[in-house]
Amino acid sequence: MGQHRSATGPQIDACWKIIGIQGDKSCPELPRHSHCRNCPRFSQAAAMLLDRDLPVDHDASPVAKAERQADHGGGESVMVFRLGPEWFALPTLVLDEILRLRPVHTLPHRGHPGLMGLVNVRGELVICVSIAQLLIGPMAVGEHGRLVVVRHDGRRLAFPVDEVQHLRNHDTRRLRAVPATLARSASAYTRGLLGWQGVQVGRLDEDLVFAAMERFLA
């Protein structure tokens, strides 16, 4: 099956959805590889996905659309999520959707521990990274966690978290300074702290966080 180019770069030849494990299973290579993720073509498609630039389309996020239409004055809408014992927040402008955890297909020859692999999101392969690796260090998300899918500067990424508790508004002028007790790695990516239900939530700097996660893909 051929690959076609578009204004955004080469399109992915998703043969696994047509003749592979998600399709009619008629691919002659399937018996030899037992699963599409073991096939070199799948690995090639994954490499293309990691290397290409995706178009920015914030209209795809209904949360983002509502955020643009709202007028919060000095406030902003944020998504609050938990990693282990720590709570963080990102603006809902970068949020696409929140899903149940799903299998992550690991990639060959990608050595950074922050790059987990690929996840299938409504038929689209999305790069899955560990935001926990960046903020608090290696950790395994619990089986009842959630997968957060985000967009930023043309890249769509997914990352697992233990819990997504709330979407809330906060006054950006009332962010508190980051104390020395916050994990050193997290403090480098945190604009300030906001209070929520008796806990301190680190309001992350999305530009710094996404720039760091992009380095996972190098």
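Asp96 is buried, because its relative accessible area of 9% falls under the 20% cut-off. The model is predicted. Two topics follow: the surroundings of Asp96, and an open sheet of 5 strands.

**Asp96 and its contacts**

- Asp96 is part of strand β5, which covers residues 95-100.
- The side chain of Asp96 makes a polar contact of 2.7 Å with the side chain of Arg151.
- Another polar contact, of 2.9 Å, links the side chains of Asp96 and Arg156.
- Buried Asp96 thus has side-chain partners in Arg151 and Arg156.

**The open sheet**

- Which strands form the sheet, and in what order? The order is β10-β3-β4-β12-β11, and the pairing is mixed.
- The edges are β10 (163-171) and β11 (190-196). Each of these strands pairs on one side only.
- From one strand to the next, the twist averages 35 degrees.

**The β11 edge**

- Strand β11 pairs with strand β12, residues 199-204. The sense is antiparallel, over 6 bridges.
- Leu194 has Val201 of β12 as its bridge partner.

**The helix on the sheet**

- Which helix packs on the sheet, and which strands are touched? Helix α6 (residues 206-215) does so, touching β4 (86-91), β11 and β12.
- The direction of helix α6 makes about 70 degrees with that of β12.
- Strand β12 therefore appears twice here: β12 pairs with β11, and β12 is touched by helix α6.

Technical notes:
Residues are numbered from 1 along each chain as its sequence is written. This is a predicted model: local features need pLDDT of at least 70, side-chain atom pairs count only at pLDDT 80 or more; totals for chains, interfaces and linings use all residues. Side-chain values use heavy atoms; hydrogens and water are left out. Two strands pair if DSSP finds at least two bridges between them. Helices (H or I, at least four residues) and strands (E, at least two) are DSSP runs, numbered from the N terminus. Axes are lines fitted to C-alpha atoms, for helices over the stretch in contact, and angles run from 0 to 180 degrees between N-to-C directions. Contact means heavy atoms within 4.5 Å. Buried means under 20% relative accessible area, exposed over 50%, partly exposed in between (1.4 Å probe, protein chains only). A polar contact is a pair of N or O atoms within 3.5 Å; within protein, one must be able to donate a hydrogen and the other to accept it, and residues adjacent in sequence count only if both atoms are side-chain atoms.
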